[in-house]
Amino acid sequence: MSVPELKERHAAATETVNNLRERLRQRRNELLDTDVAGYARSQGRSPVTFGPTDLVCCRILQGHTGKVYSLDWTPERNRIVSASQDGRLIVWNALTSQKTHAIKLPCAWVMTCAFSPTGQSVACGGLDSMCSIFNLNSLTDRDGNLPVSKTLSGHKGYVSCCQYVPNEDIHIITSSGDQTCVLWDITTGLRTSIFGGEFQSGHTADVLSVSINASDSRTFVSGSCDATARLWDTRAASRAVRTFHGHEGDVNTVKFFPDGNRFGTGSDDGTCRLFDIRTGHQLQVYHQQHGDNEVPHVTSIAFSISGRLLFAGYSNGNCYVWDTLLAKVVLNLGSPQNSHEGRISCLGLSADGSALCTGSWDTNLKIWAFGGNRRVI
Amino acid sequence: MPPEEAVTFPSLENEDEEEQPYSFAVEYTGPPVPYDLPRAVPINVEKIPVATVVSKVPLSNTELHIPVVPPILAPDRNKLSKELLLQPTVSPTSVIAFEERVSEDTNNCLLSGELSSYESGELAELINNNDNSSRRLGACSVSNEHSSMLDYCDSFGKSRESSSRARVSNDDDLNQPDWGSNESVLSLDYPSSRVSSRKTGDCNNESNADIKRPQVVTFRDIESDDGLDEEFGQDEVQPQVARVKREPQTKGKKGSCYRCFKGNRFTEKEVCIVCDAKYCSNCVLGAMGSMPEGRKCVTCIGFPIDEAKRGSLGKCSRMLKRLFIDLEVRQIMKAEKLCEANQLPPEYICVNGQPLCHEELAILQSCPIPPKKLKPGNYWYDKVSGLWGKEGQKPSMIISPHLNVGGSIRPDASSGNTQIFINGREITKVELRMLQLAGVQVAGNPHFWVNEDGSYQEEGQKNMKGYIWGKAGMKLVCAVLSLPVPSKSSNPGGELLNSMSGRSVPDYLEQRILQKILLVGSTGSGSSTIFKQAKILYKDVPFSEDERENIKLTIQSNVYGYLGILLEGRERFEEESLAEMRKRACSKDTDPEVGSIDDGDGKTIYSIGLRLKEFSDWLLKTMVSGHLETIFLAATREYAPLIEELWKDAAIQATYNRRSELEMLPSVASYYLERAVEILKMDYEPSDLDILYAEGVTSSNGLACVDFSFPQSLCDENIGTADQHDSLLRYQLIRVQARGLGENCKWLEMFEDIGMVIFCVALSDYDQFSADGTNKMLLSRKFFESIVTHPTFDQMDFLLILNKFDQFEEKVEQVPLTRCEWFDDFHPLISRHRTNTNSNSINNNPTHGQLAFHYIAVKFKRLYSSLTGRKLYVSLLKGLEPKSVDAALKFAREILKWDEERANFSLSEHSFYSTEASSFSH
């Protein structure tokens with residue numbers, strides 16, 4: 001079989017796949033007679049209301065000198081690790097806004113950081129294509145730097161996101177610019193399984209984000225520059241369980257819904273979407289109309305503890321609070337008096353859901369808490 | 001209501017008894033009094049004059065609601081006329097100046113200070129039970145309500161339920177359901193210290209008319225002014241700058257912690273460098289937060305420090321060391337010393353009667369001999385001799401002369417009365433004595449000119465009379481008279497300059513001087529070679545042990561890979577030749593003339609022995625499975641002896657000779673394969689050249705960066721002294737591997753702060769094709785376009801490095817450049833007479849390769865110009881030649897320099913065919 005012949009076949013196969021995909025999309029649209037917002041409206045639900053003091057900024061964590069790229073909370077709720085382009089990880093006590101650790105990184109171009117479930121160690125990754133683990137209890141060296149306790153190397157591209165497998169301190173899942181996600185065994189420093197890559201059906205562009213299902217830690221979703229999100233099972237690394245199309249731009253962030261049956265995505269096309277992992281359907285699009293052509297990218301999302309609220313950070317410094325049921329913006333945390341001055345690059349909810357932390361390119365992190373008599377939802 | 005108890009109250013009228021200890025609320029045990037006791041005066045909220053608007057809080061804590069204390073006015077003023085009137089307090093940050101009404105009653109100010117320091121809670125309780133107290137008590141209760149309210153604001157965690165009357169505006173924070181549990185501690189992070197506790201009560205004994213004037217609030221109260229004067233010494237005249245002095249709250253008893261009110265003056269405490277508040281070790285973290293500007297209360301962040309504490313800046317206490325880890329302490333102390341808010345405000349320093357500006361202060365502090373321990377105040381400075389002293393005093397030291405700071409010196413600067421002048425300043429008696437001891441002729445009230453080295457001459461005369469400090473024993477004399485002598489380093493001329501350039505760069509300047517250069521290139525463009533060359537060129541220790549170990553492993557696994565390719569090729573060749581033989585065997589059947597010498601055993605020149613065959617199979621298998629990197633370490637140990645045997649095997653050698661037929665084998669492979677035996681030994685140590693040839697920089701091939709500065713070579717020295725400063729400039733070369741970074745280049749956003757981008761393209765790529773059949777040069781072009789047009793690199797300078805010129809020169813003679821469709825209009829004019837006409841060119845006889853290089857450079861320049869409208873810098877490079885890389889990086893340095901000076905140049909030069917590239921090509 002000659003090369004042109006093969007190319008012809010390949011083109012034909014691609015064509016077929018695209019046709020099938022289109023048919024699938026049409027069929028889905030037929031079946032999908034409503035979305036979440038439509039149904040909720042028909043049921044007479046009204047959106048959550050927010051007063052001006054219901055969600056207030058109660059702490060500003062100052063200390064980074066570069067753009068903040070990532071943050072993560074501990075499960076025991078009051079500590080935050082943040083990663084910034086000044087080449088440092090800082091561990092904060094969110095209640096006192098005190099720094100407990102400042103870790104100088106060997107490579108300043110860090111993109112992600114994560115707290116281990118026990119809160120004993122933090123992980124980070126970035127353009128050095130490695131995931132570095134720091135044990136917070138280890139002694140500092142002569143220069144006062146915390147030594148790297150483990151380096152997970154094997155990615156062929158930058159490490160864009162990492163998350164510890166819940167309830168285990170020894171497994172971590174990373175996503176990378178080499179189009180793969182990897183499950184690592186931290187004790188040995190070796191790859192347990194590789195999701196995607198050359199010979200497997202995986203993402204066809206950089207993977208930017210992962211989120212592990214909290215109720216079933218064997219499944220996780222990944223979002224990629226190929227405008228798709230994929231669902232994976234850690235027991236079967238060879239192929240994705242499901243691929244979710246719909247976005248028209250890079251999927252920057254994915255986050256599992258608290259019940260574990262849905263997940264949300266945020267994309268360069270300026271929308272957040274909610275997908276159901278059982279049916280594969282897209283349940284809802286969260287999109288705010290903008291007058292001008294410049295569509296702000298969604299950089300990071302988080303769900304409230306009940307899932308009723310979706311916090312989404314945008315590249316223009318906005319941070320919308322969406323009512324997931326009615327797809328309405330109920331609050332903009334980026335309103336002028338207390339906004340960040342730069343893009344909101346990351347946000348995260350504390351484990352008990354009582355506080356939200358946002359990190360921005362203006363080098364600050366802010367903690368927002370439900371104020372007044374408001375119940376945490 | 002008959003009074004059950006009465007309270008004796010100290011006689012306030014008695015103004016002379018300043019030191020009298022006051023006793024409050026002693027139970028009245030006497031007989032019932034016949035007269036009525038007035039009730040506590042109710043407060044009419046409506047009639048309260050509005051408190052001043054609190055100025056904007058620098059720390060934009062939006063959740064911080066500043067409790068506003070309502071000033072208190074009784075409706076019936078006559079009743080209160082002889083009572084203590086409270087002055088409402090305002091935020092110390094308020095800028096509204098209030099007039100001080102009664103200034104004579106300073107003792108009452110003291111009194112109210114005392115009052116507030118009592119446990120006001122108790123007192124308020126007492127008074128609340130006691131409605132029919134005396135008129136005085138009424139006033140007292142007012143004042144105590146007031147203070148209890150304040151108290152409440154400060155520590156609502158403590159006295160939350162006790163007082164219902166207090167208005168606390170930050171209820172929101174308190175009632176948070178989940179944070180509430182911690183909030184009682186937390187809310188103290190933001191003590192409402194904006195409400196000054198210092199109440200300057202005025203006893204109003206004069207007239208009603210006086211009282212009817214609106215309530216006034218003073219901001220600069222007497223005590224704080226006194227404090228300032230003490231701090232700076234009485235002989236110093238204060239600069240005419242309104243100073244904002246923050247006052248802490250003094251709630252608890254003296255010496256206790258300002259936050260928890262526990263402890264005494266002997267408990268270890270940390271002091272706020274702005275407001276002098278003292279906190280015990282339990283409260284420090286809460287009250288001072290994360291200390292972004294050092295030891296300041298959270299509310300004091302952003303305020304200038306108390307100048308009296310300047311000396312202790314950056315000096316860590318034991319308490320901090322206990323509370324923080326070492327690194328953090330260092331960070332805090334660094335922040336304390338270097339953050340902007342803590343710097344000495346220049347306008348506080350007057351030199352020769354002129355307050356300094358920022359630049360002048362910087363000059364003063366950065367000169368070779370700066371004034372020691374510069375404190376706010378008025379100074380005189382003799383610019384000719386460098387003498388320096390406080391205004392009205394004898395000189396205290398000799399600093400660097402000729403600094404352009406402050407005004408010109410006044411004759412009476414040091415309040416001398418000797419009628420002898422030095423550089424226009426009348427000297428003091430002590431100086432005169434010194435001059436006499438130095439043997440200087442001082443008869444007839446001469447005017448002297450004294451230079452910085454001590455040489456002096458009389459005014460109007462030409463000849464140098466001698467050196468003041470030249471005489472032996474003058475140092476001793478000066479020491480006795482406590483007069484300064486010039487320090488040794490103040491020698492004139494070149495030595496001074498050297499001492500300047502020799503000084504180490506201060507920490508906070510360091511970051512500014514680091515120039516970042518981003519080096520990008522697609523795979524195989526040789527950017528890693530450039531990076532490694534830079535390391536070898538500019539670093540004393542180019543590669544650390546770890547790096548060498550890593551590179552060794554990389555090289556070894558690469559060599560295994562090359563061997564694998566060879567073995568694969570061997571198999572192919574073997575099959576081919578076997579097939580050939582079979583064919584011949586077939587033809588032999590028909591053609592019996594060919595002898596049957598080598599058939600039967602099926603051996604060819606490419607066949608290998610069984611042992612080697614096993615190894616070969618194993619290697620190929622692991623290569624296919626992609627695990628080569630993970631197991632080759634073990635392989636090195638096990639198979640090292642085999643390698644030698646394998647390499648010497650005739651079959652391998654035969655295959656190696658046909659290596660040009662193996663497309664997979666990179667050109668660099670032969671360099672290593674020739675020495676395969678040596679390399680694959682356990683104790684192999686890669687040489688610098690080996691490292692240079694190796695593919696990749698790090699094992700994972702991620703980002704790598706190196707800090708360097710260009711060493712001062714001989715040729716640099718003749719550029720002149722102006723460039724000496726450049727040796728301080730440090731550069732950071734950041735090399736990013738394009739592969740695995742994605743096409744949309746999200747990661748580029750991280751490189752906003754770099755100075756320029758070096759884009760690397762391998763010239764020899766023009767006839768190479770990637771796996772999917774696209775020309776590699778076109779791929780490079782696409783990558784170039786996406787990087788150049790990336791919004792992050794708007795207005796960024798680009799230097800295009802056309803690499804691998806050595807290979808290109810050879811190749812272009814055989815393979816026409818038009819192989820790449822982008823270059824299809826390349827028709828070089830190679831004619832004999834060209835050599836004659838082109839005499840002004842640097843190279844008189846441009847080779848085909850050079851022509852092709854210029855053609856490609858122009859192609860890229862045009863592309864760049866069409867995309868950005870700017871000019872692209874191009875440099876030619878041979879990655880393996882250190883000189884070539886050095887030249888290219890120096891060119892990059894020049895571009896960065898031009899960038900700074902660009903404002904001076906007109907942007908008219910717009911030649912695509914500029915020759916600056918070629919001037920660096922050799």
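Q: Contact means heavy atoms within 4.5 Å. So what does B:Lys804 touch, not counting residues up to four places away in sequence?

A: Three of the residues it touches are B:Gly524, B:Ser525 and B:Gly526. B:Lys804 also touches B:Ala762, B:Leu763, B:Ser764 and B:Leu877. This is a predicted model, where local features need pLDDT of at least 70, side-chain atom pairs count only at pLDDT 80 or more, and totals for chains, interfaces and linings use all residues.

Q: Where does B:Lys804 lie in chain B?

A: B:Lys804 is in the loop between strand S19 (797-803) and helix H28 (805-814) of chain B. Helices (H or I, at least four residues) and strands (E, at least two) are DSSP runs, numbered from the N terminus.

Q: And B:Phe805, where is that one?

A: B:Phe805 lies in helix H28 of chain B.

Q: Why does B:Lys804 count as partly exposed?

A: B:Lys804 counts as partly exposed because its relative accessibility is 22%. Buried means under 20% relative accessible area, exposed over 50%, and partly exposed in between (1.4 Å probe, protein chains only).

Q: Is B:Phe805 buried or exposed?

A: B:Phe805 has 1% relative accessibility, so it counts as buried.

Q: What is B:Phe805 in contact with, leaving aside its neighbours within four places in sequence?

A: Its contacts include B:Gly849, B:Gln850 and B:Phe853. B:Phe805 is also in contact with B:Leu763, B:Leu876, B:Leu877 and B:Lys878. B:Leu763 and B:Leu877 are touched by B:Lys804 as well.

Q: Which residues does UniProt list for "binding site"?

A: The unreviewed UniProt entry lists B:Asn803, B:Lys804, B:Phe805 and B:Asp806 under that name. Its positions follow the numbering used here, feature names are shortened, and annotations may be inferred rather than shown by experiment.

Q: Zooming out, how many helices and strands are in chain B?

A: Chain B has 31 helices and 20 strands.

Q: What share of the residues of chain B count as buried?

A: Of its 922 residues, 50% count as buried. As for contacts in chain B between residues at least 6 apart in sequence, 69% join residues at least 24 apart.

Q: Switching chains: what does UniProt list for residues 3-30 of chain A?

A: The unreviewed entry lists that stretch as "coiled-coil region". In the model, residues 3-30 of chain A are 100% helix and 0% strand. The C-alpha atoms at the ends of this stretch are 41 Å apart.

Q: How are residues numbered?

A: Residues are numbered from 1 along each chain as its sequence is written, chains are lettered from A and ligands numbered from 1 in the order in which they are written, and side-chain values use heavy atoms, with hydrogens and water left out.
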